[in-house]
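Visitor: I would like a close look at a single part of this structure, one helix, and then at what can be said about the residues elsewhere. Please take it in one connected account.

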Amino acid sequence: MSEMASPLKASLKLIAESEERYQLATYAKMNIALERGEGCWVWTSEGEKYLDLYGGHAVCATGHSHSMVVQALKDQADKILFYSNLVYSDVRAEAAERLVSIAPENLTKAFFCNSGSEANENAMRIARMATKREKVITFTGGFHGRTADAISATFLGKYRELGRPNVPHHISAEFGNAEQVRELADDETAAIMVEPIQSMAGVVEAKPEFFVELREVCNKYGIALIFDEVQTGIGRTGNWFFSGSEFAGGIEADIITLAKSLGSGIPVGACLVNESVARAIKTNDLGTTFGGGMFAMTAVTATLNAIEREDMIQNAKGIEGYLREQLKGFLNVTAVRGKGCLLGIEFRDNCKPIHQKLLENKIITGTSSDPNVLRLLPPLCVKREEIDLLIDVLK
Ligand SMILES: Cc1ncc(COP(=O)(O)O)c(C=O)c1O
């Protein structure tokens, strides 16, 4: 595809043909090629402008190419892009300190990696090391990633099957059913891992009491409670984290995992752990080549700074209320679920045609495993006027 190398703009058709030819299939793609982004807006290779209410797959919390993040990355790129955890680094020190400072009080140490799956793999490994046990309980409808242990912990749709042969000692309970957890948990259980708002399942929520009961079960048997906050973390629900929030009944997890929003689009994941878990980890127990590199660490600090400076967490809270208000009276909307900027609109019927119609009107949204639920995961800086554009089309 020599045209791609020419200064002339490649057409969508050429770009798509090239991608299909030279890559294995991943997701079913929208028929657009993106070139540029700013805030909640993205521009295609054909010069068209789309409103992105899916946030680049729940990643772009600070909006696309936030100026503070971009400037920090440019400055860092001029200094040094990467060195691993074999050396100390001022930017890694700053990112870890900053992340721990906003985390629930019990979480005192960070482990940096590169993705949500890797964060969950390590969280389960850390829990097994800390408890010297192997069994992990997760929940139907939860999604934890596609690496071996993470996919084995994912009891949603076809995923576990895709990951065969599965890692042993994974069992599942019904999300929201504490009684069942009590029956399954014992003194051979290393961890209970939960996606606190099940995004991919269709933005499915549990009551705060459920999390309180999970905490009680974990305390009783010395089990590590892991919150997979790959989607709910970094301000998305209107709190820095789900753990410790009123939605969790105020209880705190022993380990939380992060990725997606953490680097504004630069790949970075993390586990945050409490002191007693941290004590079990010795030099060389954990490792990763890329985790904690300077470029990614710069993205973490800049992301947290941008969210804080522009009060995006408060904005996310306000957006949820605004959207709920605007959707009142829509006869084919049967429920609005979720918190902050992690929202699911449940329609009476399959929402695929609505998703498609929105795309035709240049608004990007997401679907979910529930055919009736349209997902919104916009940047946390999304404006009410931008939500109005969605409402106008839905009307
Ligand atoms: C809740 C949750 N956990 C884990 C993952 C896996 O993250 P990654 O795709 O970065 O490996 C995802 C990805 O969608 C997720 O939504």
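Guide: What follows starts with one helix and then moves to salt bridges, loop residues and a surface patch. The model is predicted.

The helix is α11, residues 294-309. Helix α11 has 16 residues and spans 22 Å from its first C-alpha to its last, close to the 22 Å expected at 1.5 Å a residue. Most of the helix is covered, with 12 of its 16 residues buried. The buried set begins with Met294, Ala296, Met297, Thr298, Ala299 and Val300, and it continues with Thr301, Ala302, Thr303, Leu304, Ala306 and Ile307. These buried residues of α11 pack against α3, α4, β4 (107-113) and α12 (312-327). Just after the helix, Asp311 takes a positive phi of about 50°.

Two of the helices that α11 packs against, α3 and α4, also frame a loop that holds Ile80. Helix α3 covers residues 67-79 and helix α4 residues 90-102, with Ile80 in the loop between them. Ile80 is partly exposed, because its relative accessible area is 36%, which falls between the 20% limit for buried and the 50% limit for exposed. Ile80 also belongs to a nonpolar surface patch with Tyr83, Leu86 and Val87. Together these four residues have about 380 Å² of accessible area.

Another packing partner of α11 is α12, and that helix contains a salt bridge between Glu320 and Arg324. The closest N and O atoms of Glu320 and Arg324 are 2.9 Å apart. The two residues are 4 apart in helix α12, so they are separated by about one helical turn. Their exposure can be stated for each partner: Glu320 counts as buried because its relative accessibility is 14%, whereas Arg324 counts as partly exposed because its value is 28%.

That pair leads to the salt bridges in general. A search of the whole structure finds 16 salt bridges. One of them joins the side chains of Asp149 and Arg128, at 2.7 Å from N to O. Asp149 lies in helix α6 (residues 148-152) and Arg128 in helix α5 (residues 116-131), so this salt bridge ties together parts that are 21 residues apart in sequence. Asp149 counts as buried because its relative accessibility is 6%. Arg128 also counts as buried, because its relative accessibility is 17%. A salt bridge in another setting is that of Glu161 with Arg164, where the closest N and O atoms are 3.7 Å apart. Both Glu161 and Arg164 are exposed. There is also a network of salt bridges, which links Glu179, Arg182 and Glu213.

Next come two residues in the loop between β10 and β11, Ser243 and Thr232. Strand β10 covers residues 224-228 and strand β11 residues 255-258. Ser243 counts as buried because its relative accessibility is 3%. The side chain of Ser243 reaches the backbone nitrogen of Ala253 at 2.9 Å. Leaving aside residues up to four places away in sequence, Ser243 touches Pro104, Phe227, Glu229, Ile251, Glu252, Ala253 and Ile256.

Thr232 counts as buried because its relative accessibility is 1%. The side chain of Thr232 makes a polar contact with the side chain of Glu229, at 2.8 Å. Glu229 is thus named in two places, as it is also among the residues that Ser243 touches. With residues up to four places away in sequence again left out, Thr232 touches Pro196, Ile197, Thr237, Trp240, Phe242 and Leu342. Thr232 and Ile363 are 131 residues apart in sequence, and their C-alpha atoms are 23 Å apart in space.

A last loop residue is Ser45, placed between β2 (41-44) and β3 (49-52). Ser45 counts as buried because its relative accessibility is 4%. The C-alpha atoms of Ser45 and Phe347 are separated by 32 Å, and the two residues are 302 apart along the chain.

Methods. Residues numbered from 1 in each chain as written. Predicted model: local features only at pLDDT ≥ 70, side-chain atom pairs only at ≥ 80, totals over all residues. Heavy atoms only, no water. Patch = residues over 30% accessible without salt bridge, like charges linked within 9 Å, V, L, I, M, F, W, Y side chains within 5 Å. Areas by Shrake-Rupley, 256 points an atom, 1.4 Å probe, with all protein chains shown as cover. Buried < 20%, exposed > 50% of the residue type's maximum accessible area, 1.4 Å probe, protein only. Polar contact = N/O pair within 3.5 Å; in protein donor to acceptor, adjacent residues only side chain to side chain. Contact = heavy atoms within 4.5 Å. Expected span 1.5 Å × (residues − 1).
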